[in-house]
Amino acid sequence: MAVSTLKTQQKLSRIIPSISQSLYFSSSQCKTRPSPASQLPPNPKRIPFTATNHGVTRQDPYHWMKNTKDPDFVNYLKQENCYAQSFMANTITLQTKLLSDMKTRMPASISTPPELWGNDWLYYQYVPQGKEYPLLCRKLNTEVNGGAANLFNYLRGGEFGNGREEEQVLLDWNQLAQHHGRGICFYAFFVVMDKLVGYSRSNEFRLGLSLRYVHVGTCRVSPDHNFLAYTLDTTGSEQFVLHIKDLKNGCRIPTTQVHGVVSLAWAQDAHTLFYTLSDENQRPYRVMCTKVGSDTVDDVVAFTESDSSFCVDITRTKDGKFITVFVIDTTNPLGGLQRIRERVSGVQYFLEHHYGMFYILTNAPISGAHKECTEGGGYYLARCPAEDIFSADWQNVILPTEDISLLDMDIFEGHLVLSLNKKGFPMLCSIKLPINLNAEHKLEIDNLNPWFFPVPSHTCSLTPGSNHDFMSSVYRVVLASPVMPDLVVDYNMSKKTFSIVHQEEIQGSSGSFDSSSQASEYKPLDSQIGQDKKDQKVELQKWKDLSEIYCCERKEIVSHDGVLVPMTILYSRKSWKKGQSSGLLLGYGAYGEALDKSWCTDRLSLLDRGWVFAFADVRGGGGVNSCWHKSGRGFHKQNSVADFVSCGKYLVTEGFVHRDRVGAIGYSAGGLVVGAAINAYPNLFRAAVLKVPFLDICNTLLDPSLPLTILDYEEFGNPEMQSEFESILSYSPYDNIRTAACYPSVLVTASFHDSRVGVWEAAKWVAKVRDITCGDCSRSVILKTNMDGGHFGEGGRFSHCEETAYDYAFLIKVMEQQ
């Protein structure tokens, strides 16, 4: 082991507290291992390579794998796939059983509740019976009242009106899959992605899941409902191609193919379309403008971002009057751009427009404000007249408090909607517009007579629907919880009432779960503020709640520095056995993204076997407070790892999980956290699943020619700077693999065409683990590479189940064998 690696491990061990060896496996003895594969693992070639940075010399004999065109590398990946197949050969029956159970729980068809846009059209998506992928459709709204309900009844097998209404299919993923090979699984309604705040390795949470390989990235319907603009990737490289479809005749408009398109926004005339282009490093850097039906051959360049550390995004304000990149007047789209403020690194502005007034959600520093605004980078709401956007005298409307953080906003003709976080709990409230402020206001939410949306007490996430109709007084939200199938709720902000539109159905039964289980009544959120429950004016309604069958507990774990880290723990009340169960710890901790804790029927396959799922909201992620992201990035990244280890330790010491049965899962940047935790304490974990993991961070960030590298400097640091290099090197999973240590069983997945995390990162990590750690233990480390897909892998609703069944079968094999 290189001296530099020893030093970085010693530095990390000072950050993460010592864990009693009596609780876990001894690092000097092999753990009990499952039956190995019938063949020996591949032995890739080693080519001497030395890298020296800031006086630190590192040996990297697998550096050659970075050349994905090397036939030896392709052959090595195929050998690893064969080895993984051999290792998993004795789980085929188990995989089949798991897959069958998962499919049984699926409804025959899946649909989203229709949403009215304007007075004419109801838009919706549904997956037809027997199909893998969705259709984006619309119907004319034949009834002002009841039309949406009738349509949804029709989609669920009932009759729609008198049967004369014609359904118009705008986009059929199944046809795209058939034409190009396979397709995307994209169930989120098509206009949910209006506020893409960045472009990084974290965007798997924004852009959906894709297959081998057709990936629909972004869809936008024109303001007059006559055109559909969408982007399509057929290679996995995420070089999306722009397509425009004429919805009057159903034909695609022939245009010059434009590659590298990221975001789209229509101007008010419904013929002018703005789009952003990415450069060779996948950085959206240029705003283009095209005119549908124009004879002009070349599109017009509206804006170019020359600073490689910044990217460009565009979106329309809710009322359609402006497009924000700087500010573009949609009634005069080629009239030039207006800069909002001088750019400052780390400062963001999100604009909405309301009758001549801009409302701005920003984290720009405020002189004289309290620490939530000045130190934590917290967001607050300001406003100014549209004609005074350049003025320095913006009026502050709402500031965060010690308990409440502002996360997002939406705006309607009569209401402002705020997405909030109170001590780790998500909340939504509406405030009547216009807002009349005077000097006596304390700039706090309570003073603006808010209506806090009632939600179930165990809700973990509140995801806004499309809500694209500016004139509407109804706000649609998807409520999610580990013990509650996703619930679609419409909140009437004028009447202060709500109605349940739809809840995800679960077919069949699994273990203790029965689809006829008793529904639970509405219970208000305990942490609501400024709310007189007598004045809520809500009609009590019922929904499916499985909290009597599956227990969901929220704990606060003390990390290495005394900070309390939220962890959500899920288990079956019937099958879980204290101190004896296997458990999975999930973590992400990057880009300010909150960990997804929504309902997932696939989990029942493990929950009903007595397994525990634990979701660790480690620092670097989001959803806790305004400082949570900042305290887990850059020089503070090791906090993410320390938080994860502390959560794993808690599961054992409190008896949630057996000391020999702690597993971990990390996706993409979350794989970095899990990989670093394994290096620090390989004896804590029995198994891990690393999905397209970011493992070779130091070498990747040292190569600015790779996609997203420069943009990631803000998140992880720039290793060209010595202090930041040393910080990154101290936790880099690839650079800190322990010589001769007993590592847990690990399933590593990768995709050959992944442009966000190079396929070589997973390959190098597996090869090095096999090379320098315990030879017996490392035989249970397997690499499975999708040779055709990109970062998002492949899978429709059935294919995704196959992948999950494979992952679960691996975990059961390596965790449950004595």
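This is a short talk through some of the helices, strands and contacts in the structure shown above.

Thank you for coming, everyone. Before anything else, please keep in mind that what we are looking at is a predicted model. The chain has 818 residues, of which 59% are buried, and it is built with 14 helices and 42 strands. If we take the contacts between residues at least 6 apart in sequence, 65% of them join residues at least 24 apart.

Let me start with the strands, and with a general reminder for those who are new to this: the strands of a sheet pair through backbone hydrogen bonds, and they can do so either parallel or antiparallel.

A small example is the hairpin of β1 and β2. Strand β1, residues 50-53, is joined by four bridges to β2, and the two run antiparallel. If you look for a pair to follow by eye, take Thr52, whose bridge partner in β2 is Thr57. Two residues lie between the strands of this hairpin, and His54 takes a positive phi there, near 55 degrees. Now follow β2 itself, residues 56-59, where the side chains alternate: Val56 and Arg58 point to one face and are buried, whereas Thr57 and Gln59 point to the other face and are not buried.

Compare that with strand β38, which covers residues 612-616. How many of its five residues are buried? The answer is five of five, so that the strand is described as mostly covered. Here Val612, Ala614 and Ala616 point one way, while Phe613 and Phe615 point the other way, and all are buried. β38 also has paired strands to look at. With β36, residues 564-572, there are five bridges and the two strands run antiparallel, and within that pairing Ile569 stands opposite Ala614. With β37, residues 583-587, there are again five bridges, but these two strands run parallel, and here Leu586 has Phe615 of β38 as its bridge partner.

The next picture is an open sheet of four strands, in the order β19-β20-β21-β22, with antiparallel pairing. Why is one side of β19 and of β22 left without a neighbour in the sheet? It is because β19 (349-354) and β22 (395-398) stand at the edges, each with a single partner strand. From one strand to the next, the twist of this sheet averages 30 degrees. The pairing of β19 with β20, residues 357-362, consists of six bridges, and one that you can find on the screen is between His354 and Met357 of β20.

Let us turn now to the helices, where I would like to show three packed pairs.

In the first pair, helix α3 (residues 92-104) and helix α14 (residues 797-816) have axes that come within 8 Å and cross at roughly 135 degrees, which makes α3 oblique to α14. This crossing is right-handed. On the α3 side, the residues in contact include Leu94, Leu98 and Met102, and on the α14 side they include Phe798, Tyr806 and Ile812. Taken together, the residues of this contact divide into eleven nonpolar, two polar and two charged.

In the second pair, helix α8 (residues 638-653) packs with helix α9 (residues 669-680) at about 70 degrees, the axes being 9 Å apart, and α8 is therefore roughly perpendicular to α9. The crossing of α8 and α9 is right-handed as well. Ser640, Val641, Phe644 and Val645 of α8 make the contact with Val673, Val674, Ala676 and Ala677 of α9. In this contact we find seven nonpolar residues, one polar and no charged.

In the third pair, helix α2 (residues 71-87) and α13 pack at about 65 degrees with their axes 12 Å apart, and this time the crossing is left-handed. Among the residues that meet are Phe73, Leu77 and Tyr83 in α2, with Trp760, Val766 and Arg770 among those in α13. The contact of α2 with α13 divides into nine nonpolar, no polar and two charged residues.

I will finish with a single residue, Arg779, which sits in the loop between α13 (759-772) and β42 (781-786). Is Arg779 buried or partly exposed? Its relative accessible area is 23%, and because buried means under 20%, Arg779 counts as partly exposed. Its C-alpha atom is separated by 9.0 Å from that of Phe87, although the two residues are 692 apart along the chain.

Methods. Residues numbered from 1 in each chain as written. Predicted model: local features only at pLDDT ≥ 70, side-chain atom pairs only at ≥ 80, totals over all residues. Heavy atoms only, no water. Pairing = 2+ DSSP bridges. Axes fitted to C-alpha atoms, helices over the stretch in contact; angles between N-to-C directions. Parallel < 35°, antiparallel > 145°, perpendicular 65-115°, else oblique. Left-handed = near helix turned anticlockwise from the far one by under 90°. Contact = heavy atoms within 4.5 Å. Nonpolar A, V, L, I, M, F, W, Y, C, P; charged D, E, K, R; others polar. Buried < 20%, exposed > 50% of the residue type's maximum accessible area, 1.4 Å probe, protein only.
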